[in-house]
Structure formats: C-alpha cells, structure tokens
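Visitor: I'd like a close look at one part of this model: the biggest pocket and what surrounds it. Could you walk me through it, and then through the strands and the helix that go with the picture?

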Amino acid sequence: MAQIDSAHVFANDFCEIGFDEDRSLLELRWKLATTRMGSDDFRDGLERFAELAECHRARRLLVDVSGFRYSLSPDLILWRDQEIAPCYNRAGVDRLAYVVREGFPIPSFDGKPLSKRELFRTRFFTSRADAHCWLVRA
C-alpha cells in the first residue's frame, strides 16, 4: 500500500491526509477499508480534506483512489460537486490529480475541470510519481 509522502495531518480507518507545505500539496489516500464505510464516512473524509485545503491554502491536491472500494451514489457525486468543489476553489487550488487503479477508464476531459463549479484542472494517473510530476510543474 502506498504511503503518503508528506506530513500526516489526519488519519482514520478509511483515509489518510498529509500536507507538503513546500509544494503546497495536500494529499488524500483512501484505504482498502472503504469496503465497509458508509456515506457519512465518505462525507466526513472529504469534508476534512476540503477544510484542510482551505486552511492550508493548498494549490495542489492529490487524491489516491487506487484503494477506494466504496460505491458512490449519484447523490454523493452531486453533493461533492455542490459542497466540496467550492471549498477547493476558495483554497486557490490550481490542479487536482487522481491516482487510480490500472484499467480505470480515463475520462475524455482529462486535464480540464470536471464540472462547471470547478476552477481548477483535473487529471487521472495510474502512477503516483506521474501525478506528483504533473502537480508540481508549473
């Protein structure tokens, strides 16, 4: 299981969050234990991540979903777009990278905002190293 490269700022059964101040990079890694989490657990983890993004004014976000096993409902996807994306915008996020499992279908809009609410670019990677490279080059 991949480890967060930055200083830990939060951890629970389902996720770990770390922050690299020098790179203004906030990282969320979902754990395999997500197989047993509920929608409130998902909301709690993502709300904590969004709060920390605003608190640290993180310009770069990395979300490692390679170990994510919870199935998101359409309501949770809409909630994320309405409630979480604006937090990232307020934080001043410029780039968001997702690390996904091999075989994950990369969306055709890779490199652009995921929704009209987002002011930042998003890309998908199967390698943490590639994600980090894209995030820190500017």
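Guide: Sure, let's start with the pocket. The largest pocket is lined by 24 residues, and V65, L72, Y98, F104 and F124 are the ones that lie nearest its centre. Keep in mind that this is a predicted model. As for which elements do the lining, strand 3 (25-30), helix 1 (39-56) and helix 2 (74-91) each give two or more residues. Helix 2 gives the most, with five residues. The volume comes out at about 590 Å³. If you're thinking about the chemistry of the wall, the lining has 19 nonpolar residues, one polar and four charged.

Now take strand 3, one of those lining elements, and follow its pairing back along the chain. Strand 3 is joined to strand 2 by six bridges, and the two run antiparallel. Within that pair, F19 stands opposite L26 of strand 3. The two strands form a hairpin with four residues between them, and S24 in the turn has a positive phi of about 50°.

On to strand 2 itself, residues 15-20. Strand 2 is mostly covered, with six of its six residues buried. Both of its faces are covered, too: C15, I17 and F19 are buried on one side, and E16, G18 and D20 are buried on the other. So as not to miss the charged ones in that list, look at E16 and D20, which are both buried and sit on the side that also holds G18.

Strand 2 has another partner, strand 1 (residues 7-11). Four bridges join the two, again running antiparallel. Here I17, one of the buried residues of strand 2, is the bridge partner of F10. The link between strand 1 and strand 2 is a hairpin as well, going through three residues.

Last stop, helix 3, which covers residues 128-136. Its buried residues are R128, A131, H132, W134 and L135. Looking down the axis of helix 3, you'd see those buried residues fall within an arc of 165°, so they line one face of the helix. That fits the usual geometry: an α-helix has 3.6 residues a turn, so residues three or four places apart point the same way. And what do the buried residues of helix 3 pack against? They pack against strand 3, strand 4 (60-64), strand 5 (95-99) and strand 6 (121-125). That brings us back to strand 3, which pairs with strand 2, gives residues to the pocket lining and has the buried residues of helix 3 packed against it.

Methods
Residues numbered from 1 in each chain as written. Predicted model: local features only at pLDDT ≥ 70, side-chain atom pairs only at ≥ 80, totals over all residues. Heavy atoms only, no water. 1 Å grid on protein atoms, 1.4 Å probe; cavity = no way out; pocket = protein on both sides within 12 Å on 5 of 7 lines; lining within 4 Å. Points joined across faces, edges and corners; volume = space filled by probe spheres on them. Nonpolar A, V, L, I, M, F, W, Y, C, P; charged D, E, K, R; others polar. Buried < 20%, exposed > 50% of the residue type's maximum accessible area, 1.4 Å probe, protein only. Pairing = 2+ DSSP bridges. Arc of directions from axis to C-beta. Contact = heavy atoms within 4.5 Å.
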